[in-house]
Amino acid sequence: MLYTGLDTSWRFRDISMKFVIPIENQFHWNTVPRNKDLKLQVDHHCNAPSRKLLVDWKGDCFVCGCELWLPISVGKITDFVRLEDVWASPTAQALQQSIDNRTFDNCAVTRCGVMHYDMVETEYTISINIDESCNLHCPSCRKDAVMITSGDKYEEKLAWVNHLVDMLEQFEQPCRIIMSGNGDPLASSIMRPLLHRYKPREKQWIKLFTNGLLLRKQLTDNPVTAHIDEYLISIDAGSADVYEQVRLGGRWEQLMDNFIFLKENTSKPDGSSHNVALTMVMQKNNYRDMKNFCELCLYFGFIGSITKLEDWGTWHDFSEHDVLDPDNPEHIAAAEFLRETYEKYSFHIFFSSGLQQFLGVDQQVNPTDNHTTIKG
């Protein structure tokens, strides 16, 4: 049954409703500390549950930039006729109330950044993570290669994407569309039609998450590129040897060719490309390559971001790869590499809140912004 809005006066009488946490999200619900247990005082504000929508690979809707931070589903995307109905739903309004009264009961406040700064968005953000298909199969992100090209699952996901396109084309508010945090939209047979069919409104902008290998092939002469104002490219390395070890299926030479394409098409008069950001997730197999990563960002004039490794359940022994774990045998060396890299490059490279907490340094504003987590 489609949800078309309701009287919301109930929210001020009862916010103790039972929430739906999908089975696939219960691992993070149970393992990542929530403020209902931490009971930390949060002096900053967040309006994500009234401004953000993340649609995941199951069609579940989350009103946060990352389902790890707030893994409570407000419904399926097909439950709603309009985007406005998502934020007016009973669950979304209960989550909004939890933040309005500063309890943040269900939030992972030590992960998202709200302990350090206000997370207030002036525009709406729609994250489309419907398809996990990717031309790479990186161990930090997935156990096996995923590429959905036919069958019932393909048809179902394609229907979700088409429904979202219709919702977006009816949505009159300024918004940013993010695609996608768990796959590559340029490699996906499900997401690619969106890039070719979708006709963004004047104030609708796209933040494209990609591994960067298909930029030239898919975006050359594509009208939608006029609405892509941010590129976030996960590479997890700064050299060919490390890249091809951690980004399984990727070729460094092909990546560099696509960076040249981006440089040619996004450079500003001063030669910089402030709307292109490269990302690296620090882990056992790449932490010694962090300085090379930073130099690569400087060479192309791209923004850079290094983040802490998250446990997505893809490794049998996560602690073996998490070099910031004090019990990891490479912890001391990794900590020293991180500190040296931060001291030399923090003027240009963003280090995530988790890394800054580890280093004991002041929080920066993330130049890649939008407080969105990407797997990989």
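**Note on the predicted model**

1. In this predicted model, pLDDT stays under 50 over residues 370–376, and the model has 32 contacts beyond four places in sequence for this stretch. Where pLDDT is low, the predicted coordinates should not be read in detail. The contacts of residues 370–376 are therefore best treated with that reservation.

2. The chain as a whole averages a pLDDT of 88, and 90% of the residues score at least 70. Residues 1–15 have a pLDDT below 50; this stretch nevertheless has 30 contacts in the model beyond near neighbours in sequence. The reservation made under point 1 applies to low-pLDDT coordinates here too.

3. As to overall composition, the chain has 14 helices and nine strands. Of its 376 residues, 57% are buried. Among contacts between residues at least 6 apart in sequence, 71% join residues at least 24 apart. The chain exposes about 16,300 Å², of which carbon and sulfur atoms supply 49%.

4. The largest nonpolar core comprises 105 residues, and I128, F259, M282 and I306 have the most contacts inside it. Helix α6 (residues 152–170) contributes the most to this core, with eight residues. There is also a second, separate core of five residues, among them I178, F209, L232 and I303.

5. What is I128 in contact with, leaving aside its neighbours within four places in sequence? Its partners are V55, L164, L168, I177, I178, M179, S180, M191 and L194. Of these partners, I178 is listed in the second core, while S180 takes part in the cis peptide bond from M179.

6. That peptide bond, from M179 to S180, has an omega near -15°. S180 is located in the loop between β4 (175–179) and α7. Most residues other than glycine have a negative phi, and most peptide bonds are trans. The M179 to S180 bond is therefore a feature to inspect in the model.

7. Two residues other than glycine have a positive phi and may be read together. R102 has a phi near 65° and lies in the loop between α4 and α5; with a relative accessible area of 38%, R102 is partly exposed. D236 has a phi of about 55° and is found in the loop between β6 (228–234) and α9 (240–246). At 0% relative accessibility, D236 counts as buried.

8. Helix α13 (residues 331–345) has 15 residues and reaches 21 Å from its first C-alpha to its last, close to the 21 Å expected at 1.5 Å a residue. Its buried residues are H331, A334, A335, L338, T341, Y342 and Y345. Seen down the axis of α13, these fall within an arc of 130°, so they line one face of the helix. I332, E343 and K344 are exposed on the other side of α13.

9. Where do the buried residues of helix α11 lie around its axis? In α11 (residues 290–300), M290, F293, C294, L296, C297 and F300 are buried. They cover an arc of only 155° around the axis, which puts them on the same side of α11. The helix is followed by G301, whose phi is positive, near 75°.

10. D105 is placed in the loop between α4 (90–100) and α5 (109–112), the loop that also holds R102. Its relative accessible area of 31% makes D105 partly exposed. The C-alpha atoms of D105 and R34 are separated by 6.4 Å, although the two residues are 71 apart along the chain. Not counting residues up to four places away in sequence, D105 touches R34, N35, K36 and S98.

11. Is K203 buried or exposed? At 54% relative accessibility it counts as exposed, the cut-off being over 50%. K203 is placed in the loop between α7 (192–197) and β5 (204–210). Its C-alpha atom is separated by 8.4 Å from that of R176, 27 residues away along the chain. Beyond residues up to four places away in sequence, K203 touches P174 and C175.

Definitions and conventions: Residues numbered from 1 in each chain as written. Predicted model: local features only at pLDDT ≥ 70, side-chain atom pairs only at ≥ 80, totals over all residues. Heavy atoms only, no water. Core = buried A, V, L, I, M, F, W, Y, C linked by side-chain atoms within 4.5 Å. Buried < 20%, exposed > 50% of the residue type's maximum accessible area, 1.4 Å probe, protein only. Helix = DSSP H or I, 4+ residues; strand = E, 2+ residues; numbered from the N terminus. Contact = heavy atoms within 4.5 Å. pLDDT = per-residue confidence, 0-100. Expected span 1.5 Å × (residues − 1). Arc of directions from axis to C-beta. Areas by Shrake-Rupley, 256 points an atom, 1.4 Å probe, with all protein chains shown as cover.
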